[in-house]
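Hi everyone, thanks for making the time this morning. I'd like to walk you through one model, starting from a single residue and working outwards.

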Amino acid sequence: MKLAILSRNSKLYSTRRLVEAAREHGHSVRVLDPLRCYMRIASDGFSMRYKGKPIAGYHAVIPRIGASITRYGSAVLRQFELMDTFTPNSSDAILRARDKLRCHQLLAAERIGLPTTVFGDNPDDTHDLLSMLGAPPHVIKLNEGTQGAGVMLTEKLSASQGVIEALRGLYANFLVQEYIEEARGADLRCFVVGGRVVAAMKRQAPKGDFRSNLHRGGTAKGVRASVEEEDVAIRAARVLGLGVAGVDLIRSRRGPLVLEVNASPGLEGIEEASGVDVAGEVVGYLAERIRRRAQKRAASR
């Protein structure tokens, strides 16, 4: 298999591990900076170049596209798709996952549990909007924040109103959610590959914080997700169209609730905590999909 990895930095742990896993399994692999890929789009076909040379012949591409380059990175990925390259996460699936509001709407439509969420635009509606959510504490999230950035906890109604007014003054897109107190600052990251949970870890927020992200000082340990938790994680990834996803769940009195679905989940924390070769699982999944794809095409000739 000839594999491309879209990543701005080949030295990042996740990118490096995917390269190692691909080579260990005998595959050809190259890291491409998506911002150095440029495209020709015409009715007679699609083509792409990288640093002056054609990009062609790749069987699969793994997108490791950061939030800051979502628009251009997804366009590059879409060009690969149009050039008949398989990807576990399509450009449209990544865009669905990156938009927290859209993601929550899609999950709720499929009856997947999540914290009650409200969203509005006009300042005149703020009081009624918060009444739809219920009494504080409230969690306020920027719509496109990552790694715990742009996530705030407000413990009084006046604080919620103040933060919302400030964010509206900055023309920021955000949503407001109920706070799940019984979780006690912990969540569960389930790593889904090809419709199954291959690894899971429980993350705990540091003292004085409610965000369990490892980038925010949280700690992690490998755990075994329950059957119900695995089912919710797999369904969430499927609804968004993601073959590879990090699904963050919170344990509540009414069952597992989805906090976020990450279309480009990091490997370092989950591999260290669980001891699972997650990069190898991803590469193995891709190789199997490419093999089946080739068999199907050969049978149709």
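Let's begin with Asp 248, which is buried, with a relative accessible area of 5%. Buried here means under 20% relative accessible area, exposed means over 50%, and partly exposed is in between, with a 1.4 Å probe and protein chains only. Before I go on, a word on the source: this is a predicted model, where local features need pLDDT of at least 70, side-chain atom pairs count only at pLDDT 80 or more, and totals for chains, interfaces and linings use all residues. Residues are numbered from 1 along each chain as its sequence is written, and side-chain values use heavy atoms, with hydrogens and water left out.

So what does Asp 248 meet in a salt bridge? Its partner is the side chain of Arg 203, at 3.1 Å from N to O. By salt bridge I mean a side-chain nitrogen of Lys or Arg within 4 Å of a carboxyl oxygen of Asp or Glu. Asp 248 sits in strand E14 (residues 244-252) and Arg 203 in strand E12 (residues 196-204), so this pair ties together parts that are 45 residues apart in sequence. Helices (H or I, at least four residues) and strands (E, at least two) are DSSP runs, numbered from the N terminus. Arg 203 is buried as well, with a relative accessible area of 5%.

Staying with E14, please look at Arg 251. Glu 229 forms a salt bridge with Arg 251, and the closest N and O atoms are 2.6 Å apart. Glu 229 belongs to helix H7 (residues 227-240) and Arg 251 to strand E14, so the pair ties together parts that are 22 residues apart in sequence. Here the two ends have their own settings: Glu 229 is buried at 7% relative accessible area, while Arg 251 counts as partly exposed at 39%. There is also a network, in which salt bridges that share partners join Arg 16, Arg 17, Glu 20, Glu 271 and Asp 277.

How many salt bridges are there by this rule? The count comes to 20. One more of them is the pair of Arg 78 and Asp 92, with the closest N and O atoms 4.0 Å apart. This pair links distant parts of the chain, with Arg 78 in helix H2 and Asp 92 in helix H3 (residues 91-98), 14 residues apart. Arg 78 is partly exposed at 32% relative accessible area, and Asp 92 is partly exposed at 43%.

Now for the strands. Strands count as paired if DSSP finds at least two bridges between them. E1 and E2 are parallel, with 5 bridges, and Ile 5 has Val 31 as its bridge partner in E2. Is strand E1 enclosed or open to the outside? In E1 (residues 2-6), 4 of the 5 residues are buried, so the strand is largely enclosed by the rest of the structure.

Next comes an open, antiparallel sheet of 3 strands, in the order E3-E4-E5. Its edge strands are E3 (37-42) and E5, each pairing on one side only. Between E3 and E4 there are 6 bridges, and Ala 42 has Gly 45 as its bridge partner in E4.

Another open sheet has 4 strands with antiparallel pairing, in the order E7-E10-E8-E9. Strand E7 (117-118) and E9 are the edges, each pairing on one side only. E8 (residues 138-142) is joined to E9 by 4 bridges, one partnership being His 138 with Thr 154 in E9. Leading into E8, the loop after helix H5 (126-133) contains Pro 137, and a cis peptide bond joins Pro 136 and Pro 137, with omega of about 10°.

Two backbone details to finish the loops. Lys 51, in the loop between strand E4 (45-50) and strand E5 (53-54), has a positive phi, near 50°. Arg 111, in the loop between helix H4 (100-109) and E7, also has a positive phi, near 60°. Arg 111 is exposed, with a relative accessible area of 76%, whereas Lys 51 counts as partly exposed at 49%.

That's my tour, and I'm happy to go back to any part of it on the screen.
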